[in-house]
Structure formats: C-alpha cells, structure tokens
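Me: I have a structure open here and would like to talk it through with you. Can we take it piece by piece?

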There are 2 protein chains.
Amino acid sequence: MTVTIYDVAREAGVSMATVSRVVNNNPNVKPATRKKVYEAIERLGYRPNAVARGLASKRTTTVGVVIPDISNSIFAEVARGIEDIANMYHYNIILCNADKKKDKEIRVVNTLLEKQVDGLLFMGGAVTEDHLQAFKTTNVPVVLCATSDENEQIPSVDINHEEAAYDAVMKLIQNGHKRIAMISGTLQDPANGYARFQGYKRALQENGLSYDESLVRIGNYRYESGVEAMKYFIALDERPTAVFSATDEMAIGAIHCIQDSDLQVPGDISVISVDNSRMASMVRPQLTAVAQPMYDIGAVSMRLLTKLMKKEHVEQYKVTLPHEIVMRQSVGGA
Amino acid sequence: MTVTIYDVAREAGVSMATVSRVVNNNPNVKPATRKKVYEAIERLGYRPNAVARGLASKRTTTVGVVIPDISNSIFAEVARGIEDIANMYHYNIILCNADKKKDKEIRVVNTLLEKQVDGLLFMGGAVTEDHLQAFKTTNVPVVLCATSDENEQIPSVDINHEEAAYDAVMKLIQNGHKRIAMISGTLQDPANGYARFQGYKRALQENGLSYDESLVRIGNYRYESGVEAMKYFIALDERPTAVFSATDEMAIGAIHCIQDSDLQVPGDISVISVDNSRMASMVRPQLTAVAQPMYDIGAVSMRLLTKLMKKEHVEQYKVTLPHEIVMRQSVGGA
DNA sequence: CTGTTAGCGCATTCAT
DNA sequence: ATGAATGCGCTAACAG
C-alpha cells in the first residue's frame with residue numbers, strides 16, 4: 001500500500017542508504033544515481049515518512065507552542081510571528097491552548113514532550129515551581145514567550161511590562177493629569193496584571209501623586225469589564241481625569257462608557273492603554289497606547305529557540321524588546 | 001539516557017507487552033501488575049514516546065490544519081473551535097498559515113501528510129484541481145472548513161455565504177433602501193468574495209433594483225480599504241443610502257469614513273456586513289451584521305473529522321451551519 | 001492475563 | 001560513492 005524507501009531503492013536499483021542520502025540532500029551521491037533515484041521517487045509517488053524519520057534520527061522538526069488563547073488577537077499575533085519564523089527554518093508547530101491554567105499548561109507541556117518536539121515555546125501565566133519541574137524533565141530547549149519567570153532560569157523574550165505601564169502613566173502625568181485611575185488585570189497575572197500595576201504605582205509615586213485604592217479596578221481583560229470599571233469611576237464623588245487601562249479592549253470599553261455618560265474623550269477624561277492591537281486605530285477617538293511588538297515577540301522567541309535547538313551560541317538568554325508609545329487621539333490635557 | 005518501555009518492563013519484572021498494555025489502558029491487565037508497572041513508571045520517570053508509537057501503530061493522534069492567517073480574528077476564532085474539540089478527542093493540531101496562496105497551501109498539505117497526520121482540516125481560498133489532486137494522494141480524511149469546492153467532492157462545513165449576503169441586503173431593502181452599495185472582497189475568493197457578491201446581486205434583482213456597477217468596490221478585507229471604498233461612494237453624484245460590506249473590518253472603515261465626512265450612521269447612510277466579529281459590538285454605532293458562527297464552524301468540522309478518522313458513520317458530508325442577522329445600531333430607514 | 005516475536009520506515013554506523 | 005546491517009521505541013498479532 002504505502003511506498004517506502006525500500007521500494008524506491010528497488011525501483012532505482014540502489015540501496016536504501018542511497019535513497020536516504022538523496023532524500024536528505026547528502027552531497028555524497030553521484031549526480032547520475034541521484035537522478036535515477038529522483039525518477040524512481042516520481043514514478044512511485046514516494047513520500048517520506050516523517051514519523052519514521054523522527055524515530056530514527058531523534059529529531060522531529062516540530063516545536064510545541066503553548067498559548068493562552070489563540071482567539072485572543074494579541075496572542076494570535078504572536079503565533080503568527082512564531083509560525084513565520086518556524087516555517088522559515090522548516091519547523092512545524094503544534095499549537096495548544098492552555099488558558100493560563102496551570103494544570104492545563106503542565107498537561108500540554110507533557111503531551112508535547114511525548115510527541116518529541118524539538119523545542120518548546122511557552123506562553124502562559126505565572127511560571128511556577130511545577131512548571132520549572134516539568135521543563136526540567138527533558139533536554140528539549142524551552143523559551144518563554146511574552147512570559148517570564150522571576151528567577152530568570154529559562155530563556156525568554158518579552159517587553160518590560162512594568163516600564164510600559166510606567167511610560168503610559170507618565171504620558172498622562174506629563175499632560176497635567178493628577179487624578180489617574182487604573183483598570184488592571186488580575187494581580188495574579190505577573191505580566192499583564194501585577195507588573196503593569198507596579199508601573200502605575202511607581203509613576204504616581206515618583207511624581208508625588210498619592211496612590212488611591214478607590215481609583216483601581218480589576219478587570220478581566222474584556223470590553224465589558226472596561227465599561228464596568230469606568231462606570232464605577234464616573235460615579236465617584238471626585239472622578240478621575242484620566243484612566244490607564246492594562247489592555248486595549250478594556251480601554252475601549254471605558255471610552256464607550258465615558259461617551260455614553262455624555263462625557264468626552266479626551267475632553268473630560270483621557271484614556272491610555274498598553275497593547276496597541278489593530279483595534280486601537282479602529283475606534284473613535286483612536287486609542288493612544290503603548291505598543292507591544294507582539295509579532296516580533298513571537299518571531300524573536302522562535303528565532304532564539306532555533307538557535308537553542310541547533311546548540312548554536314546565543315549571547316542573550318533574556319531578551320527584552322522595546323515598547324513605544326503610539327500617540328493617537330484619546331489623551332489630552334487635564 | 002532516555003528510559004524506554006523496556007526499562008520499565010525490567011524494573012517491574014514484566015514484559016514490554018504488559019507495560020504497553022497498561023500505558024494504553026488495555027483492560028486485560030491484573031490490577032496488581034498494573035500497579036507494579038505504574039510504580040516502575042513513576043520510579044523511572046518514564047514518558048511514552050509518541051513518535052515510536054506512531055510508527056508502530058500508524059496513528060499519530062495529530063491532525064493538520066491549514067489556515068489562511070491565524071492573526072486574522074475570524075480564523076483565530078475558528079482555530080479555537082478546532083483545538084477545543086481536537087483536545088476533547090485527544091488530538092493535537094499542527095497549524096500552518098498559507099495565506100490563501102495556492103502554492104503554499106499545497107506545499108503545507110504535503111508536509112502535513114509527511115508528518116503522518118491522522119486527518120486534515122483545510123481552510124483556504126479556492127479549492128482547485130491541484131488541491132484535489134494533493135488530497136487524493138492519501139487516505140487520510142480531509143474536511144474543508146469555512147471553505148468549499150464547487151464539485152462538493154470533499155466533506156465540508158461552512159455557512160451559505162450567498163444567502164448570508166442576500167439576507168444582509170434584504171434587511172437593507174426592507175428598510176426602504178434602494179440605492180445600495182457593496183464593498184466586496186476579491187471575486188477570486190469563492191466564499192468571502194464571489195458568493196457574497198452573488199447574494200448582493202440576487203437581492204437587488206429579486207426586488208426590482210437595478211445593478212449599478214459604480215456601486216461596487218473591491219476591497220482587501222482591511223479597515224483601510226473600507227474607508228477608501230466609502231470615500232468613493234460619498235463622492236458619487238448620487239451617493240448610496242446604504243452599504244453592504246463583505247466583512248466587518250471594511251464596514252468599520254466605512255462607518256468612520258462616513259462620520260469623518262460629517263454624515264451620520266445610520267441617519268444618512270446605513271451599514272451592514274457579514275462576519276460579526278467581536279469588534280462589531282465594540283464600535284459606535286455598533287455594527288449590524290450577519291453572524292457567521294466561526295467557533296462552531298471550527299468545532300463542527302473537527303468533530304466531523306474525528307468521525308471520519310474513526311471511520312464512523314456520518315450522515316452528512318456537507319454541513320451548512322445557520323447564520324443569523326444581529327441587529328445593532330448601524331442600520332436605519334432610507 | 002501475560003510473554004514472545006516481528007516489524008513500522010527510516011538514519012546511521014561501518015565496510016567496501 | 002555506495003551497500004549491508006542495526007536499531008530507534010513501540011504496537012500488534014499470536015501463543016500460551
């Protein structure tokens with residue numbers, strides 16, 4: 001039924017080894033025999049079996065990527081960066097959604113390892129001791145992507161979330177705002193949550209602005225939670241003149257909530273966020289945001305992984321990509 | 001170095017076959033021996049090698065999915081549906097972006113087949129004779145996902161794009177509009193382009209409205225092309241009172257273009273589209289759209305594929321999922 | 001219920 | 001430059 005390397009060998013009148021050589025582009029084959037083999041391959045419709053090859057060579061040319069949620073545009077963008085570079089280096093990717101759930105993350109890491117991936121790209125929530133444990137059961141290189149562990153034991157590529165948040169809030173402060181609210185993600189989330197919250201606090205503190213607990217709401221990254229948070233802020237006796245949102249989507253919710261309360265953005269309340277997803281420029285007013293280079297984070301982390309897999313020298317195991325503030329229309333003076 | 005089934009067998013004092021049985025949950029193992037084996041596995045830190053298993057059993061429990069672009073939110077949503085169901089049936093997915101480019105599509109299909117995937121989910125542009133040819137070189141089941149071939153030779157799940165477009169335009173007509181423009185995708189794209197355009201024309205025709213070529217612009221599915229198209233329509237001597245966009249993103253571009261021209265949506269011009277992505281409810285006015293059940297398309301196609309892979313009986317090889325119109329704020333009377 | 005024996009399709013020594 | 005032989009780690013008959 002299935003045609004194997006053996007069939008090709010017989011058809012071409014050579015040995016299996018020779019067929020294997022031409023299929024793998026080994027230069028040690030006389031052009032004439034190479035030609036014969038190619039013809040036999042063509043005639044028989046031979047297709048190499050990558051599974052057999054993987055077993056024999058112990059390399060599968062596939063990498064595992066665990067991602068929180070591919071339907072989230074931010075991560076989808078990262079995934080595209082990953083796949084483009086993977087493709088460039090002839091790797092395929094097995095994609096697993098793990099929703100930042102620790103159990104699921106560890107489970108998929110294990111099945112990925114069972115599948116003998118040559119490398120692992122991990123995008124998740126907090127990296128716990130159990131994660132490290134799971135990574136340590138294997139020799140395959142792992143790189144954290146848009147994720148980092150505080151101990152910095154694992155190679156990673158990400159932006160500096162604390163600084164990104166800091167920069168966003170600074171922009172508000174520079175515009176004269178003194179009463180600045182924040183719509184945060186859960187503080188359990190190291191990057192999108194905790195770090196951005198820390199950046200917010202530091203910016204306030206360094207500028208002599210007092211931290212007011214009632215000016216912080218925790219959202220779930222979704223549009224609706226942005227409007228809920230904003231409703232709360234607007235109902236305050238002394239409402240903020242600006243709000244910093246941990247993500248675009250919540251920021252957009254906030255903007256619409258402000259508008260629905262017959263207030264103006266940025267006239268009455270300024271809004272800034274970090275992400276800069278495609279949506280940022282697709283709302284009115286267009287959203288001012290600190291841009292995370294999601295595609296690049298994916299691409300760079302995959303590139304790093306290829307080096308690790310080939311045991312090439314890498315000079316930097318923890319790479320922090322630059323972020324930048326994209327001024328649009330949602331921030332004005334106090 | 002790596003611990004194999006053989007090591008476990010020795011450690012547990014049983015044969016390889018028995019270890020294989022417990023690992024595969026074969027009921028024909030005495031509980032006591034099963035326990036012994038589990039303990040040995042634990043002690044040795046044994047992890048099954050899925051590649052070896054794949055070679056021996058000729059099943060890899062992985063399916064290939066070729067997708068146009070994972071960073072497009074519409075497809076990302078489908079992908080999530082696919083992965084959720086795949087996961088439920090213990091399959092993993094290898095994801096390949098092919099950008100609706102025929103060459104790339106055929107190339108990735110072949111590498112996926114080399115990797116011995118148990119099934120293939122194909123999401124692409126037009127399904128050509130060459131595609132069919134590629135599919136035919138193998139026994140692994142293929143299902144087209146959000147894609148269909150005119151000959152209906154391959155199982156598929158999708159919505160009826162022609163009808164979806166028809167319904168959208170009908171809604172406009174029922175609201176009294178007579179001068180209705182369309183922002184279409186390229187007519188080379190069978191589903192998003194050609195079929196939707198046909199639906200538009202049929203709706204006009206069935207209602208005695210003449211088709212006017214100057215009322216149709218071809219976009220590239222992006223926001224910017226929506227604003228370009230709309231600019232053109234607004235500059236017309238007799239501008240349309242409503243526009244039907246083939247996708248949400250172009251529709252949003254159109255809305256903003258209208259607003260920037262000091263016109264109102266839907267006061268001056270109504271806008272409707274098909275897609276109903278998350279963005280539809282995140283713009284003002286909120287976009288009225290025909291909803292494609294993207295997640296379901298992914299989930300159902302994966303479910304269908306599992307049946308095909310298990311050679312189970314399937315009663316319907318071509319499934320057309322229902323679409324529905326979601327009334328929001330962008331459509332008003334003529 | 002358990003063990004023995006063959007391969008699965010290929011890469012990779014080691015010879016020649 | 002080419003061939004013969006071995007084994008990668010596991011499943012799947014087949015026996016018993």
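Reply: What follows goes through the DNA contacts, a helix pair, the sheets and one loop residue, and it should be kept in mind throughout that this is a predicted model.

Me: Ok, DNA strand C to start with. Which residues come nearest to it?

Reply: There are 27 residues around DNA strand C, and those that come nearest are A:Ile5, A:Ser20, A:Tyr46, B:Thr18 and B:Arg21.

Me: And what share of the strand C atoms within 4 Å of the protein belongs to sugar or phosphate?

Reply: Sugar or phosphate makes up 62% of those atoms of DNA strand C, and the rest belong to bases.

Me: Which base atom does B:Arg21 approach, and with what part of the residue?

Reply: B:Arg21 places a polar side-chain atom 2.4 Å from a base oxygen of DNA strand C. Backbone atoms take part as well: a polar backbone atom of A:Ala52 is 3.4 Å from a base nitrogen of the strand, and a polar backbone atom of A:Asn49 is 3.0 Å from one of its phosphate oxygens.

Me: Which elements give two or more residues to that surface?

Reply: Those elements are helix H2 (16-23) and helix H4 (50-57) of chain A, together with helix H2 (16-23) and helix H4 (50-57) of chain B. H4(A) gives the most, with 4 residues. By class, the surface near DNA strand C has 12 nonpolar, 11 polar and 4 charged residues.

Me: Now strand D. How many residues surround it, and which are closest?

Reply: DNA strand D is surrounded by 28 residues, of which A:Thr18, A:Arg21, B:Ile5, B:Ser20 and B:Tyr46 are the closest. Of the strand D atoms that come within 4 Å of the protein, 64% are accounted for by sugar and phosphate.

Me: What polar atoms sit beside its phosphate oxygens?

Reply: An N or O atom in the side chain of B:Asn24 is 3.0 Å from a phosphate oxygen of DNA strand D, and a backbone N or O atom of B:Asn49 lies 3.1 Å from a phosphate oxygen of that strand. As for the bases, a polar backbone atom of A:Ala56 is 3.4 Å from a base oxygen of DNA strand D.

Me: Which helices supply the surface there, and what is it made of by class?

Reply: H2 and H4 of chain A and H2 and H4 of chain B each supply at least two residues of the surface near DNA strand D. That surface has 12 nonpolar, 11 polar and 5 charged residues.

Me: Changing topic: at what angle do H5 and H12 of chain B cross?

Reply: The axes of helix H5 (residues 73-88) and helix H12 (residues 294-309) of chain B cross at roughly 40° and come within 7 Å. The crossing of H5(B) with H12(B) is right-handed. Residues on the H5(B) side of the contact include B:Ile74, B:Val78 and B:Ile85, while those from H12(B) include B:Met294, B:Tyr295 and B:Met302. By class, this contact has 9 nonpolar, 3 polar and 4 charged residues.

Me: And the sheet in chain B, in what order do its strands run?

Reply: It is an open sheet of 6 strands in the order S7-S6-S8-S9-S10-S12, with mixed pairing. Strand S7 (216-218) and strand S12 (324-326) of chain B are the edge strands, each pairing on one side only, and the twist from one strand to the next averages 20°. Strand S10 (residues 288-291) and S12(B) run antiparallel, joined by 3 bridges, with B:Ala289 standing opposite B:Val326.

Me: Which helix lies across S6, S8, S9, S10 and S12 there?

Reply: Helix H8 (residues 161-174) of chain B does, running at about 170° to S8(B). Helix H11 (residues 248-260) of chain B also packs on the sheet, touching S6, S8, S9 and S10, and its direction makes about 165° with that of S9(B).

Me: Last one, A:Asp69. Where does it lie?

Reply: A:Asp69 lies in the loop between strand S1 (62-67) and helix H5 (73-88) of chain A. Its side chain makes a polar contact of 2.9 Å with the side chain of A:Ser71. Leaving aside neighbours within four places in sequence, A:Asp69 is in contact with A:Phe75, A:Asn97, A:Asp99 and B:Arg80.

Conventions: Residues numbered from 1 in each chain as written. Chains lettered and ligands numbered in written order. Predicted model: local features only at pLDDT ≥ 70, side-chain atom pairs only at ≥ 80, totals over all residues. Heavy atoms only, no water. Near = heavy atom within 4 Å. Polar contact = N/O pair within 3.5 Å; in protein donor to acceptor, adjacent residues only side chain to side chain. Nonpolar A, V, L, I, M, F, W, Y, C, P; charged D, E, K, R; others polar. Axes fitted to C-alpha atoms, helices over the stretch in contact; angles between N-to-C directions. Left-handed = near helix turned anticlockwise from the far one by under 90°. Contact = heavy atoms within 4.5 Å. Pairing = 2+ DSSP bridges.
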